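Take a walk through this protein chain. Keep the sequence and the 3D view side by side.

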Amino acid sequence: MPSITHHLVHFNLAIAREPLDHPRMAGFVEQLEPVNQLARASGGFVWAPEGDEAGNATAVFGNERALPNLSVWQSLEDLRRFVYEGLHARALNRRSDWFEAPRGPAYVLWWTPIGHRPDLAEAKSRLEHFALHGSTPDAFTFTEAFDPLQSDA
């Protein structure tokens with residue numbers, strides 16, 4: 001069995017319809033911590049930044065209502081299970097209640113060497129790469145994923 005040399009990075013960007021303290025956002029805010037706790041307890045979860053560890057979202061994305069989400073996983077299957085099952089899947093189904101419709105791709109995946117901790121600037125660059133070039137080994141989605149050995153990371 002080959003050794004694992006890469007982890008999968010997941011990044012999504014949502015723009016909140018209102019500030020987080022607005023009543024319209026209450027349902028999102030209420031489920032945010034339980035979903036984050038579930039992610040951290042999920043099989044295959046590796047890392048997610050806390051606070052401004054990954055960078056300042058407003059500075060990187062130029063929008064005070066930007067809500068980036070960055071996490072690292074052991075495999076595509078582990079991430080897929082978390083995203084599309086259970087509590088997160090139910091929250092995902094309500095995203096139009098809380099977030100503006102995306103003007104481009106809303107998420108991107110890529111492989112990174114084990115131990116690397118991506119930041120929001122890197123995530124933004126990967127999302128822009130995907131928007132310009134579509135799925136490549138350096139920026140892809142669940143629909144057209146690549147093997148880590150195909151990545152330049």
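What does the accessible surface of the protein chain come to, and what share of it belongs to carbon and sulfur atoms? The surface is about 8,700 Å², and carbon and sulfur atoms hold 51% of it. Bear in mind that this is a predicted model.

Start with the overall build. The protein chain has six helices and four strands. Along the sequence they follow the pattern β-α-β-α-β-α-α-α-β-α. The radius of gyration is 15 Å, close to the 15 Å that the globule rule gives for 153 residues, so the chain is as compact as a globular protein of that length. The C-alpha trace spans about 50 × 30 × 30 Å along its principal axes. Of the 153 residues, 39% are buried. Now consider contacts between residues at least 6 apart in sequence. Among these, 75% join residues at least 24 apart.

Next, find strand β1, residues 6-15. Eight of its ten residues are buried, so β1 is largely enclosed by the rest of the structure. Which strands pair with it? One is β4, residues 107-113, which runs antiparallel to β1 and is joined to it by seven bridges. Look at His7 for an example: its bridge partner in β4 is Thr112. Another is β3, also paired with β1 in the antiparallel sense, over eight bridges. Here Val9 stands opposite Val72 of β3. While you look at the strands, recall a general point. In a regular strand, side chains alternate between the two faces of the sheet.

Move on to helix α1, residues 26-41. This helix has 16 residues. From first C-alpha to last it reaches 24 Å, close to the 22 Å expected at 1.5 Å a residue. Where does α1 bend? The bend is at Leu32 and amounts to about 35°. A proline, Pro34, follows within four residues. The buried residues of α1 are Phe28, Gln31, Val35 and Ala39. Their cover includes two strands, β2 (45-47) and β3 (66-73). It also includes the helices α3 (76-84), α4 (86-92) and α5 (95-98).

Helix α5 holds Trp98. Is Trp98 buried or exposed? Its relative accessible area is 3%; buried means under 20%, so Trp98 counts as buried. Its contacts beyond four places in sequence include Phe28 and Gln31, both among the buried residues of α1. Trp98 also touches Arg24, Met25 and Gly27. Further contacts are Ile15, Ala16, Arg17 and Ala91. Arg17 is worth a look. It sits 81 residues from Trp98 in sequence, yet the two C-alpha atoms are 5.6 Å apart.

Finish at helix α6, residues 120-133, where Phe130 lies. What is the relative accessibility of Phe130? The value is 15%, and Phe130 counts as buried. Beyond four places in sequence, Phe130 touches Pro105, Tyr107 and Val108. On the other side of the sequence, its contacts are Ser135, Ala139, Phe140 and Thr141. Val108 is 22 residues away along the chain, and its C-alpha atom is separated from that of Phe130 by 7.1 Å. Val108 falls within the residue range of β4, the strand that seven bridges join to β1.

Methods
Residues numbered from 1 in each chain as written. Predicted model: local features only at pLDDT ≥ 70, side-chain atom pairs only at ≥ 80, totals over all residues. Heavy atoms only, no water. Expected span 1.5 Å × (residues − 1). Bend = angle between axes of the 7 residues up to and from the residue. Buried < 20%, exposed > 50% of the residue type's maximum accessible area, 1.4 Å probe, protein only. Contact = heavy atoms within 4.5 Å. Rg over C-alpha atoms; globule rule 2.2 N^0.38 Å. Areas by Shrake-Rupley, 256 points an atom, 1.4 Å probe, with all protein chains shown as cover. Pairing = 2+ DSSP bridges.
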